[in-house]
Amino acid sequence: MDRRKFVTATGLAGAAGLLAACSKTESGGTETQTTAAVKEQSLEWKMVTTWPRDFPGLGTGVNRFAENVERLSNGRLKIKVFGGNELVPPYEVFDAVQQGTAEMGHGAAYYWKGRIAATQIFSGVPFGLTGHELNGWYYYGGGLEIYQEAYQPHGVIPFVMGNTGVQMGGWFNKEINSVSDLAGLKMRIPGLGGEVLKRAGGTPVNVPGSELFTALQSGTIDAAEWIGPFNDLAFGLFRAAKYYYYPGWQEPGSGLECLINADAWATLPPDLQEMVRVACKASTLDVYSEFEAMNGSALKTLVQEHGVELRAFPDDVLQDLKHHTLEALEQLAAEDEWTGRAWASMKAYMEQIRPWTEIGEQYYLNHC
(Lines give C-alpha, C1' and ligand atoms only; values in the text may rest on other atoms or scores of the structure.)
Protein backbone atom coordinates (compact mmCIF):
# COMPACT_ATOMS: atom_id res chain seq x y z
CA MET A 1 0.00 0.00 0.00
CA ASP A 2 1.14 3.58 -0.73
CA ARG A 3 2.57 5.05 2.50
CA ARG A 4 0.47 8.21 2.24
CA LYS A 5 -2.73 6.19 1.83
CA PHE A 6 -1.75 4.02 4.78
CA VAL A 7 -1.13 7.03 6.99
CA THR A 8 -4.38 8.63 5.87
CA ALA A 9 -6.38 5.45 6.46
CA THR A 10 -4.78 4.98 9.85
CA GLY A 11 -5.52 8.58 10.76
CA LEU A 12 -9.14 8.25 9.76
CA ALA A 13 -9.53 5.06 11.74
CA GLY A 14 -7.93 6.67 14.75
CA ALA A 15 -10.14 9.74 14.45
CA ALA A 16 -13.22 7.57 14.23
CA GLY A 17 -12.14 5.75 17.36
CA LEU A 18 -11.60 9.02 19.23
CA LEU A 19 -14.98 10.35 18.14
CA ALA A 20 -16.67 7.18 19.29
CA ALA A 21 -14.89 7.37 22.63
CA CYS A 22 -15.89 11.02 23.06
CA SER A 23 -19.44 10.24 22.11
CA LYS A 24 -19.64 7.52 24.76
CA THR A 25 -18.14 9.85 27.37
CA GLU A 26 -20.28 12.84 26.56
CA SER A 27 -23.57 11.06 26.02
CA GLY A 28 -24.62 8.71 28.77
CA GLY A 29 -27.07 6.86 26.50
CA THR A 30 -24.73 5.92 23.63
CA GLU A 31 -23.12 2.86 25.21
CA THR A 32 -26.50 1.52 26.32
CA GLN A 33 -27.92 2.05 22.86
CA THR A 34 -24.98 0.17 21.30
CA THR A 35 -25.43 -2.76 23.68
CA ALA A 36 -29.14 -2.84 22.92
CA ALA A 37 -28.45 -2.86 19.17
CA VAL A 38 -26.12 -5.85 19.58
CA LYS A 39 -28.77 -7.72 21.55
CA GLU A 40 -31.40 -6.98 18.90
CA GLN A 41 -29.16 -8.59 16.30
CA SER A 42 -28.38 -11.68 18.39
CA LEU A 43 -29.43 -15.10 17.15
CA GLU A 44 -29.96 -18.29 19.10
CA TRP A 45 -29.29 -21.50 17.23
CA LYS A 46 -29.69 -25.15 18.16
CA MET A 47 -26.90 -27.67 17.52
CA VAL A 48 -27.75 -31.39 17.68
CA THR A 49 -25.00 -33.98 17.98
CA THR A 50 -24.51 -37.71 17.66
CA TRP A 51 -22.59 -37.84 20.95
CA PRO A 52 -23.79 -38.12 24.56
CA ARG A 53 -23.91 -34.72 26.26
CA ASP A 54 -20.53 -33.58 27.58
CA PHE A 55 -18.84 -36.77 26.36
CA PRO A 56 -15.04 -36.32 26.66
CA GLY A 57 -13.35 -35.00 23.51
CA LEU A 58 -16.40 -35.18 21.27
CA GLY A 59 -19.17 -33.60 23.32
CA THR A 60 -16.88 -31.27 25.24
CA GLY A 61 -15.22 -30.20 21.99
CA VAL A 62 -18.61 -29.13 20.63
CA ASN A 63 -19.30 -27.22 23.85
CA ARG A 64 -16.05 -25.29 23.47
CA PHE A 65 -16.91 -24.53 19.84
CA ALA A 66 -20.24 -23.01 20.89
CA GLU A 67 -18.54 -20.97 23.59
CA ASN A 68 -15.94 -19.71 21.10
CA VAL A 69 -18.59 -18.57 18.61
CA GLU A 70 -20.47 -16.69 21.31
CA ARG A 71 -17.31 -14.95 22.49
CA LEU A 72 -16.08 -14.13 18.98
CA SER A 73 -19.46 -12.67 18.05
CA ASN A 74 -19.84 -10.75 21.29
CA GLY A 75 -23.05 -12.67 21.97
CA ARG A 76 -24.59 -12.07 18.55
CA LEU A 77 -24.69 -15.82 17.82
CA LYS A 78 -25.48 -18.14 20.70
CA ILE A 79 -25.52 -21.89 20.13
CA LYS A 80 -27.37 -24.32 22.42
CA VAL A 81 -25.86 -27.80 22.20
CA PHE A 82 -27.99 -30.95 22.45
CA GLY A 83 -26.50 -34.39 22.99
CA GLY A 84 -27.70 -37.46 21.12
CA ASN A 85 -31.35 -38.31 21.94
CA GLU A 86 -31.95 -35.00 23.74
CA LEU A 87 -33.67 -33.39 20.76
CA VAL A 88 -33.27 -36.00 18.01
CA PRO A 89 -31.74 -39.51 17.88
CA PRO A 90 -28.00 -39.62 17.06
CA TYR A 91 -28.39 -40.90 13.53
CA GLU A 92 -31.09 -38.35 12.66
CA VAL A 93 -28.81 -35.35 13.05
CA PHE A 94 -28.40 -34.84 9.30
CA ASP A 95 -32.17 -34.92 8.74
CA ALA A 96 -32.76 -32.50 11.61
CA VAL A 97 -30.36 -29.96 10.13
CA GLN A 98 -31.65 -30.44 6.59
CA GLN A 99 -35.26 -29.92 7.71
CA GLY A 100 -34.44 -26.94 9.93
CA THR A 101 -35.33 -28.63 13.22
CA ALA A 102 -31.88 -27.44 14.27
CA GLU A 103 -29.64 -24.95 12.49
CA MET A 104 -26.47 -26.94 13.17
CA GLY A 105 -25.31 -30.48 13.82
CA HIS A 106 -22.13 -32.36 14.69
CA GLY A 107 -21.14 -35.92 13.95
CA ALA A 108 -19.09 -38.07 11.60
CA ALA A 109 -19.90 -37.85 7.90
CA TYR A 110 -20.13 -41.60 7.28
CA TYR A 111 -23.24 -41.77 9.46
CA TRP A 112 -25.16 -40.23 6.53
CA LYS A 113 -24.00 -42.67 3.83
CA GLY A 114 -27.65 -43.55 3.21
CA ARG A 115 -28.22 -39.91 2.16
CA ILE A 116 -24.90 -39.14 0.44
CA ALA A 117 -22.71 -42.10 -0.52
CA ALA A 118 -19.57 -39.96 -0.69
CA THR A 119 -19.72 -39.24 3.05
CA GLN A 120 -17.78 -42.47 3.51
CA ILE A 121 -14.83 -40.75 1.84
CA PHE A 122 -15.14 -37.46 3.70
CA SER A 123 -14.73 -39.08 7.12
CA GLY A 124 -11.50 -40.68 5.95
CA VAL A 125 -11.03 -44.13 4.45
CA PRO A 126 -9.56 -47.39 5.74
CA PHE A 127 -5.81 -47.62 5.12
CA GLY A 128 -6.01 -44.03 3.92
CA LEU A 129 -4.87 -40.62 5.14
CA THR A 130 -3.73 -40.00 8.70
CA GLY A 131 -5.26 -37.14 10.65
CA HIS A 132 -2.47 -34.75 9.62
CA GLU A 133 -2.75 -35.82 5.99
CA LEU A 134 -6.55 -35.58 5.99
CA ASN A 135 -6.43 -31.99 7.25
CA GLY A 136 -3.94 -31.19 4.51
CA TRP A 137 -6.28 -32.64 1.88
CA TYR A 138 -9.24 -30.68 3.17
CA TYR A 139 -7.57 -27.30 3.58
CA TYR A 140 -4.92 -27.36 0.84
CA GLY A 141 -5.68 -30.32 -1.41
CA GLY A 142 -9.15 -29.48 -2.74
CA GLY A 143 -11.04 -31.76 -0.37
CA LEU A 144 -13.18 -29.09 1.28
CA GLU A 145 -14.49 -27.81 -2.05
CA ILE A 146 -15.64 -31.27 -3.17
CA TYR A 147 -17.06 -31.94 0.30
CA GLN A 148 -19.26 -28.86 0.26
CA GLU A 149 -20.31 -29.29 -3.37
CA ALA A 150 -21.51 -32.84 -2.64
CA TYR A 151 -23.76 -31.61 0.20
CA GLN A 152 -25.12 -28.58 -1.67
CA PRO A 153 -28.12 -30.31 -3.33
CA HIS A 154 -29.28 -31.38 0.12
CA GLY A 155 -29.48 -27.88 1.57
CA VAL A 156 -26.73 -28.52 4.09
CA ILE A 157 -23.27 -26.96 4.35
CA PRO A 158 -20.52 -29.06 5.98
CA PHE A 159 -17.32 -27.85 7.63
CA VAL A 160 -14.50 -29.92 9.07
CA MET A 161 -14.75 -29.66 12.86
CA GLY A 162 -12.50 -32.05 14.71
CA ASN A 163 -10.31 -35.08 14.13
CA THR A 164 -9.75 -38.09 16.37
CA GLY A 165 -6.36 -39.04 14.94
CA VAL A 166 -5.58 -42.71 14.39
CA GLN A 167 -8.08 -44.93 16.19
CA MET A 168 -7.81 -48.35 17.79
CA GLY A 169 -8.86 -51.47 15.91
CA GLY A 170 -11.52 -52.29 18.47
CA TRP A 171 -12.60 -54.47 21.37
CA PHE A 172 -12.99 -58.22 20.88
CA ASN A 173 -14.11 -61.11 23.04
CA LYS A 174 -11.94 -63.53 21.10
CA GLU A 175 -8.48 -63.36 19.60
CA ILE A 176 -8.07 -62.65 15.90
CA ASN A 177 -5.29 -64.92 14.70
CA SER A 178 -6.27 -65.32 11.05
CA VAL A 179 -8.69 -64.06 8.43
CA SER A 180 -11.01 -66.98 9.21
CA ASP A 181 -11.63 -65.53 12.68
CA LEU A 182 -13.50 -62.64 11.03
CA ALA A 183 -16.09 -64.98 9.50
CA GLY A 184 -19.48 -64.48 11.13
CA LEU A 185 -18.13 -61.81 13.49
CA LYS A 186 -20.83 -59.31 14.50
CA MET A 187 -19.02 -56.02 14.97
CA ARG A 188 -20.04 -52.44 15.52
CA ILE A 189 -18.14 -50.69 12.75
CA PRO A 190 -19.61 -47.89 10.59
CA GLY A 191 -18.76 -46.46 7.18
CA LEU A 192 -16.42 -48.12 4.73
CA GLY A 193 -14.89 -50.16 7.54
CA GLY A 194 -18.21 -51.97 7.85
CA GLU A 195 -18.32 -52.69 4.13
CA VAL A 196 -14.78 -54.08 4.29
CA LEU A 197 -15.63 -56.32 7.24
CA LYS A 198 -18.63 -57.61 5.33
CA ARG A 199 -16.44 -58.51 2.38
CA ALA A 200 -14.13 -60.35 4.77
CA GLY A 201 -17.02 -62.48 6.03
CA GLY A 202 -18.13 -60.48 9.07
CA THR A 203 -21.39 -58.71 9.86
CA PRO A 204 -21.22 -54.94 10.44
CA VAL A 205 -23.68 -53.50 12.93
CA ASN A 206 -24.32 -49.78 13.38
CA VAL A 207 -24.80 -49.00 17.07
CA PRO A 208 -24.80 -45.45 18.54
CA GLY A 209 -22.07 -44.76 21.05
CA SER A 210 -24.54 -44.47 23.94
CA GLU A 211 -25.71 -48.08 23.34
CA LEU A 212 -22.30 -49.57 22.66
CA PHE A 213 -21.43 -50.91 26.10
CA THR A 214 -24.74 -52.72 26.56
CA ALA A 215 -24.60 -54.27 23.07
CA LEU A 216 -21.07 -55.56 23.65
CA GLN A 217 -21.66 -56.78 27.18
CA SER A 218 -24.92 -58.57 26.32
CA GLY A 219 -23.44 -60.36 23.32
CA THR A 220 -25.63 -58.59 20.79
CA ILE A 221 -22.32 -57.88 19.06
CA ASP A 222 -19.03 -59.78 19.33
CA ALA A 223 -16.73 -56.82 18.85
CA ALA A 224 -16.82 -53.05 18.57
CA GLU A 225 -14.62 -50.22 17.44
CA TRP A 226 -15.36 -46.83 18.93
CA ILE A 227 -12.45 -44.41 18.86
CA GLY A 228 -9.41 -44.89 21.08
CA PRO A 229 -8.21 -45.08 24.70
CA PHE A 230 -9.47 -41.62 25.74
CA ASN A 231 -13.09 -42.28 24.79
CA ASP A 232 -13.09 -46.05 25.23
CA LEU A 233 -12.02 -45.65 28.85
CA ALA A 234 -14.83 -43.13 29.41
CA PHE A 235 -17.38 -45.63 28.09
CA GLY A 236 -15.96 -48.44 30.25
CA LEU A 237 -15.62 -50.78 27.30
CA PHE A 238 -12.85 -52.67 29.10
CA ARG A 239 -15.59 -54.18 31.27
CA ALA A 240 -17.35 -55.65 28.23
CA ALA A 241 -14.47 -57.15 26.20
CA LYS A 242 -11.07 -58.65 26.93
CA TYR A 243 -8.87 -57.92 23.92
CA TYR A 244 -8.01 -54.46 22.60
CA TYR A 245 -6.69 -54.57 19.03
CA TYR A 246 -4.55 -52.16 17.05
CA PRO A 247 -3.98 -50.47 14.63
CA GLY A 248 -7.19 -48.72 13.63
CA TRP A 249 -6.95 -49.76 9.99
CA GLN A 250 -10.56 -48.68 9.48
CA GLU A 251 -9.98 -45.09 10.66
CA PRO A 252 -6.36 -43.92 10.49
CA GLY A 253 -7.47 -40.31 10.93
CA SER A 254 -11.16 -39.52 11.14
CA GLY A 255 -12.50 -36.08 10.37
CA LEU A 256 -15.58 -34.89 12.25
CA GLU A 257 -18.02 -32.39 10.81
CA CYS A 258 -20.20 -29.41 11.57
CA LEU A 259 -23.43 -29.35 9.57
CA ILE A 260 -25.27 -26.08 8.93
CA ASN A 261 -28.69 -25.61 7.38
CA ALA A 262 -28.09 -23.66 4.15
CA ASP A 263 -31.07 -21.32 4.61
CA ALA A 264 -30.00 -20.49 8.15
CA TRP A 265 -26.44 -19.89 6.95
CA ALA A 266 -27.70 -17.43 4.36
CA THR A 267 -29.26 -15.30 7.12
CA LEU A 268 -25.90 -14.71 8.80
CA PRO A 269 -24.02 -11.52 7.90
CA PRO A 270 -20.57 -12.11 6.36
CA ASP A 271 -18.68 -11.40 9.58
CA LEU A 272 -20.65 -14.02 11.54
CA GLN A 273 -20.15 -16.54 8.75
CA GLU A 274 -16.41 -15.94 8.95
CA MET A 275 -16.46 -16.35 12.72
CA VAL A 276 -18.14 -19.75 12.35
CA ARG A 277 -15.59 -20.81 9.72
CA VAL A 278 -12.70 -19.80 11.95
CA ALA A 279 -14.26 -21.45 15.00
CA CYS A 280 -14.70 -24.73 13.07
CA LYS A 281 -11.07 -24.68 12.02
CA ALA A 282 -9.94 -23.88 15.54
CA SER A 283 -12.08 -26.74 16.86
CA THR A 284 -10.36 -29.15 14.48
CA LEU A 285 -7.01 -28.29 16.05
CA ASP A 286 -8.49 -28.26 19.54
CA VAL A 287 -10.17 -31.68 19.38
CA TYR A 288 -7.24 -33.32 17.58
CA SER A 289 -4.80 -31.95 20.15
CA GLU A 290 -6.91 -33.17 23.05
CA PHE A 291 -7.10 -36.69 21.67
CA GLU A 292 -3.34 -36.75 21.13
CA ALA A 293 -2.74 -35.48 24.66
CA MET A 294 -5.19 -37.79 26.46
CA ASN A 295 -4.85 -41.12 24.64
CA GLY A 296 -1.46 -41.91 26.19
CA SER A 297 -2.54 -41.62 29.82
CA ALA A 298 -5.84 -43.39 29.08
CA LEU A 299 -4.01 -46.32 27.47
CA LYS A 300 -1.76 -46.60 30.53
CA THR A 301 -4.82 -46.73 32.78
CA LEU A 302 -6.50 -49.39 30.63
CA VAL A 303 -3.45 -51.65 30.65
CA GLN A 304 -2.02 -51.11 34.14
CA GLU A 305 -5.17 -50.59 36.18
CA HIS A 306 -7.77 -52.62 34.28
CA GLY A 307 -5.63 -55.41 32.84
CA VAL A 308 -6.64 -54.85 29.23
CA GLU A 309 -4.78 -57.14 26.86
CA LEU A 310 -3.37 -55.33 23.83
CA ARG A 311 -3.18 -57.30 20.61
CA ALA A 312 -1.85 -56.41 17.17
CA PHE A 313 -3.76 -57.61 14.13
CA PRO A 314 -1.68 -60.20 12.26
CA ASP A 315 -0.08 -58.90 9.08
CA ASP A 316 -2.01 -61.31 6.86
CA VAL A 317 -5.31 -60.08 8.35
CA LEU A 318 -4.37 -56.48 7.62
CA GLN A 319 -3.33 -57.33 4.08
CA ASP A 320 -6.62 -59.10 3.43
CA LEU A 321 -8.60 -56.18 4.82
CA LYS A 322 -6.58 -53.75 2.70
CA HIS A 323 -7.32 -55.80 -0.42
CA HIS A 324 -11.06 -55.67 0.31
CA THR A 325 -10.80 -51.92 1.00
CA LEU A 326 -9.33 -51.13 -2.41
CA GLU A 327 -11.94 -53.29 -4.14
CA ALA A 328 -14.77 -51.58 -2.24
CA LEU A 329 -13.44 -48.10 -3.00
CA GLU A 330 -13.13 -48.74 -6.71
CA GLN A 331 -16.63 -50.20 -6.88
CA LEU A 332 -18.22 -47.36 -4.93
CA ALA A 333 -16.34 -44.79 -7.01
CA ALA A 334 -17.67 -46.35 -10.19
CA GLU A 335 -21.27 -46.39 -8.90
CA ASP A 336 -21.53 -42.84 -7.53
CA GLU A 337 -20.28 -39.61 -9.13
CA TRP A 338 -19.42 -37.74 -5.94
CA THR A 339 -17.74 -40.76 -4.41
CA GLY A 340 -15.70 -41.09 -7.59
CA ARG A 341 -14.66 -37.45 -7.53
CA ALA A 342 -13.82 -37.48 -3.82
CA TRP A 343 -11.85 -40.72 -3.99
CA ALA A 344 -9.91 -39.64 -7.09
CA SER A 345 -8.95 -36.40 -5.35
CA MET A 346 -7.99 -38.08 -2.09
CA LYS A 347 -6.04 -40.83 -3.83
CA ALA A 348 -4.06 -38.31 -5.89
CA TYR A 349 -3.31 -36.30 -2.76
CA MET A 350 -2.21 -39.44 -0.88
CA GLU A 351 0.17 -40.39 -3.69
CA GLN A 352 1.64 -36.90 -3.49
CA ILE A 353 1.97 -36.60 0.29
CA ARG A 354 2.77 -40.18 1.40
CA PRO A 355 6.44 -40.19 0.28
CA TRP A 356 7.02 -37.20 2.55
CA THR A 357 5.17 -38.85 5.45
CA GLU A 358 7.32 -41.96 5.05
CA ILE A 359 10.66 -40.15 5.20
CA GLY A 360 9.40 -37.49 7.62
CA GLU A 361 7.37 -38.28 10.71
CA GLN A 362 7.08 -42.04 10.10
CA TYR A 363 10.80 -42.58 9.58
CA TYR A 364 11.63 -40.41 12.59
CA LEU A 365 9.33 -42.40 14.87
CA ASN A 366 10.63 -45.73 13.61
CA HIS A 367 14.33 -44.92 13.87
CA CYS A 368 14.87 -42.20 16.48
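**View 1. V48 of strand β1 and its bridge partner in β2.** In this predicted model, V48 pairs with F82, its bridge partner in β2. The two strands, β1 (residues 43-49) and β2 (residues 77-82), run parallel. Six bridges link β1 and β2. Helix α3 (residues 59-72) joins them in a β-α-β unit. The unit formed by β1, α3 and β2 is right-handed.

**View 2. Strand β1 beside strand β3.** β1 also pairs with β3 (residues 104-108). The sense is again parallel, with three bridges between β1 and β3. Which residue of β3 stands opposite M47? It is M104. In a regular strand, side chains alternate between the two faces of the sheet.

**View 3. R188, a buried arginine in strand β6.** R188 belongs to β6. Is R188 buried or exposed? Its relative accessible area is 1%, so R188 counts as buried, the cut-off being under 20%. The side chain of R188 has polar partners. One is the side chain of Y111, in polar contact with the R188 side chain at 3.4 Å. Another is the backbone oxygen of V207, 3.0 Å from a polar atom of the R188 side chain. Leaving aside residues up to four places away in sequence, R188 touches Y91, Y111, V205, V207 and L212. The list continues with I221, A223, A224, E225 and W226.

**View 4. Helix α8 and what covers it.** Helix α8 spans residues 191-199. Its buried residues are G191, L192, G193, G194, V196 and L197. Which elements cover them? The cover includes two helices, α5 (119-122) and α13 (315-335). Strands β6 (186-188) and β7 (203-205) are also part of the cover. β6 is the strand that holds R188. After α8 comes G201, with a positive phi near 105°.

**View 5. The largest pocket.** How much space lies in the largest pocket? About 1500 Å³. Its lining counts 45 residues. Nearest the centre of the pocket lie G128, T130, V166, P252 and Q362. Several helices supply at least two lining residues each: α6 (131-140), α12 (270-304), α13, α14 (337-359) and α15 (361-367). Which helix gives the largest share of the lining? α14 does, with 10 residues. Helix α13 appears in two of these views: α13 helps to cover the buried residues of α8, and α13 also supplies at least two residues to the pocket lining.

Key. Residues numbered from 1 in each chain as written. Predicted model: local features only at pLDDT ≥ 70, side-chain atom pairs only at ≥ 80, totals over all residues. Heavy atoms only, no water. Buried < 20%, exposed > 50% of the residue type's maximum accessible area, 1.4 Å probe, protein only. Helix = DSSP H or I, 4+ residues; strand = E, 2+ residues; numbered from the N terminus. Contact = heavy atoms within 4.5 Å. Pairing = 2+ DSSP bridges. Right-handed = clockwise from strand over helix to strand, strands pointing away. Polar contact = N/O pair within 3.5 Å; in protein donor to acceptor, adjacent residues only side chain to side chain. 1 Å grid on protein atoms, 1.4 Å probe; cavity = no way out; pocket = protein on both sides within 12 Å on 5 of 7 lines; lining within 4 Å. Points joined across faces, edges and corners; volume = space filled by probe spheres on them.
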